[in-house]
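The exercises below are meant to be worked with the sequence and the 3D view side by side. Try each task before reading its solution.

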Amino acid sequence: GEDPRFGNDASHRGGAVGFLRVDEGFNKLYLPDYSGNNHYNTLGNVIMDSRMGITIPLYEMGGMIQLTGTAIVDWDEEAAAAKFIGAKRVIEFTIDEVVELPAGSMPIRWTSENNRIQVQVAEKIYESEDVASFYLSPIQGDAPSLPSFEPGQHLPIELPTSPNEAIVRTYSLSASSINNEYYRISVKKHSFGLASRFLHDQVQVGDVLTIQKPAGHFTYDHSSERTTLVLLSSGIGITPVLSMLHNFVEDSKSSNKKKAFWIHGARDGKHHPFQSEVETLKKLAGDRLETQIAYSKPNKMDSGYDSEGRITVEILHDLVKDLSNADIYMCGSLGFMADMESGLESLGVDSKQIHFE
């Protein structure tokens, strides 16, 4: 309607550095629009009434720029993707007026940094029939080491699955966090997984990929005073807890006298990654580490497992005598984790002792 109280729409937009572009004449801005819920609420308002305002806070300086003008939507998906990777549409904003609030006008300060890092695939190793590890190293000439991470964290990675589009996925870091000369992600190939198929089928040694700094709150607490560590996983959920196992073994070389239990479930030997790596860590840890491997459908030739069937809380209870003094980290399917969590709580294990991704 004509009443100015109606028809207002506030839409927050953000992105990586450079997502908002200015044309050469400094009188137009271009904003990408990505795949959403297909309701087009904001874009519909622009189509109905082209008047538009943009507010750009300058957090580092405490200033602000306010723009008013008119906008149109370019629905050409190919043209949008050519301007902005992954964009489906572009909003073209013509500037009528500019109001600038000087630095120091706002009390809020926020210093941003560019977290995007280019790395090179140094090695690609198949750990099992459907799991491949990718060793990612700094590009020659760049910084000699990568940002540190905590065991259990994941790595955001950009995958250019087509010339005009990149998708972002996160994969758990599977190697020791003590070595910061490379990152290792280990990816299971899924028949309908766009990202996993791209990594397995297209990415090769020498390729350059863009990552961001490791993140995530599922991390190994080195400072815990509990005397027992339980690392529990099924399937590809092995990756973050394997990183924790590496760090436990490193810690055990010092004065740390904690006991650890490694319990993993796989379908069979062909689908059991990191068998030899865990065996090596077991030898290094000595009697400080016990392992239990369960295969749900073992083959006749399989020998590297301790029990047939899925991991149950009964197996865990029989193996770990003092669950009341244990830190339990687990990762796997949602059903697996839900069953283990409820089973552990039925045994009286405090929920504060149970950590999962």
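**Exercise 1. Find which residue of β4 is the bridge partner of Pro57, and place that pair in its sheet.**

Solution. Start from the bridge itself: Pro57 has Met64 as its bridge partner in β4. The model is a predicted one, and in it β3 and strand β4 (residues 63-74) are paired over eight bridges in the antiparallel sense. Next, widen the view to the sheet, which is open and consists of five strands in the order β1-β2-β5-β4-β3, with antiparallel pairing. Since β1 (21-22) and β3 (51-58) each have a single partner strand, they stand at the edges, so one side of each is left without a neighbour in the sheet. Finally, add the helix: α1 (residues 41-48) lies across β2 (28-33), β3, β4 and β5 (89-101), and it runs at about 75° to β4.

**Exercise 2. Work out which residues of β11 stand opposite Ile117 and Glu158, and what covers the buried residues of α3.**

Solution. Take β6 first: it pairs with strand β11 (residues 208-211) in the antiparallel sense, over four bridges, and within β11 the residue opposite Ile117 is Ile211. Then turn to β8, which is joined to β11 by two bridges, the two strands running antiparallel; here Glu158 stands opposite Thr210 of β11. For the last part, list the buried residues of helix α3 (residues 194-201), namely Ala195, Ser196, Phe198, Leu199 and His200. Their cover includes β6 (117-126), β7 (131-138), β8 (154-162), β9 (165-172) and β10 (183-188).

**Exercise 3. Establish the strand order of the six-stranded open sheet, and say which helices lie across its strands.**

Solution. The order is β15-β14-β13-β12-β16-β17, and the pairing is parallel. At the edges are β15 (307-308) and β17 (354-356), each of which pairs on one side only. One of these edges can be followed at residue level: strand β14 (residues 289-295) and β15 run parallel and are joined by two bridges, with Glu308 in β15 as the bridge partner of Tyr295. Now place the helices. Helix α4 lies across β12 (228-234), β13 (259-266), β14 and β16 (326-331), running at about 150° to β12, whereas helix α7 (residues 334-346) lies across β12, β16 and β17 and runs at about 160° to β16.

**Exercise 4. Describe how α4 and α5 cross, and classify the residues that make the contact.**

Solution. Begin with the geometry: the axes of helix α4 (residues 238-252) and helix α5 (residues 275-285) come within 10 Å and cross at roughly 25°. Because angles under 35 degrees count as roughly parallel, α4 is roughly parallel to α5. The handedness of the crossing is left-handed. From α4, the contact involves Leu242, Leu245, His246, Phe248 and Val249, and from α5 it involves Glu277, Val278, Leu281, Leu284 and Ala285. Sorted by class, the contact of α4 with α5 comprises eight nonpolar residues, one polar residue and one charged residue.

**Exercise 5. Characterise the surroundings of Gly235: which residues does it touch, leaving out those up to four places away in sequence?**

Solution. First locate Gly235, which is found in the loop between β12 and α4. Its relative accessibility is 34%, so Gly235 counts as partly exposed. With residues up to four places away in sequence not counted, Gly235 touches His264 and Gly265. Its C-alpha also lies 7.9 Å from that of Ser333, although Gly235 and Ser333 are 98 residues apart in sequence.

**Exercise 6. Decide whether Phe26 and Phe274 are buried or exposed, and examine their backbone phi angles.**

Solution. Consider the general expectation first: most residues other than glycine have a negative phi. Phe26, though not a glycine, has a positive phi of about 60°, and Phe274, also not a glycine, has a positive phi of about 65°. Phe26 lies in the loop between β1 and β2, and with 67% relative accessibility Phe26 counts as exposed. Phe274 lies in the loop between β13 and α5, and with a relative accessible area of 3% Phe274 is buried.

Notes. Residues numbered from 1 in each chain as written. Predicted model: local features only at pLDDT ≥ 70, side-chain atom pairs only at ≥ 80, totals over all residues. Heavy atoms only, no water. Axes fitted to C-alpha atoms, helices over the stretch in contact; angles between N-to-C directions. Parallel < 35°, antiparallel > 145°, perpendicular 65-115°, else oblique. Left-handed = near helix turned anticlockwise from the far one by under 90°. Contact = heavy atoms within 4.5 Å. Nonpolar A, V, L, I, M, F, W, Y, C, P; charged D, E, K, R; others polar. Buried < 20%, exposed > 50% of the residue type's maximum accessible area, 1.4 Å probe, protein only. Pairing = 2+ DSSP bridges.
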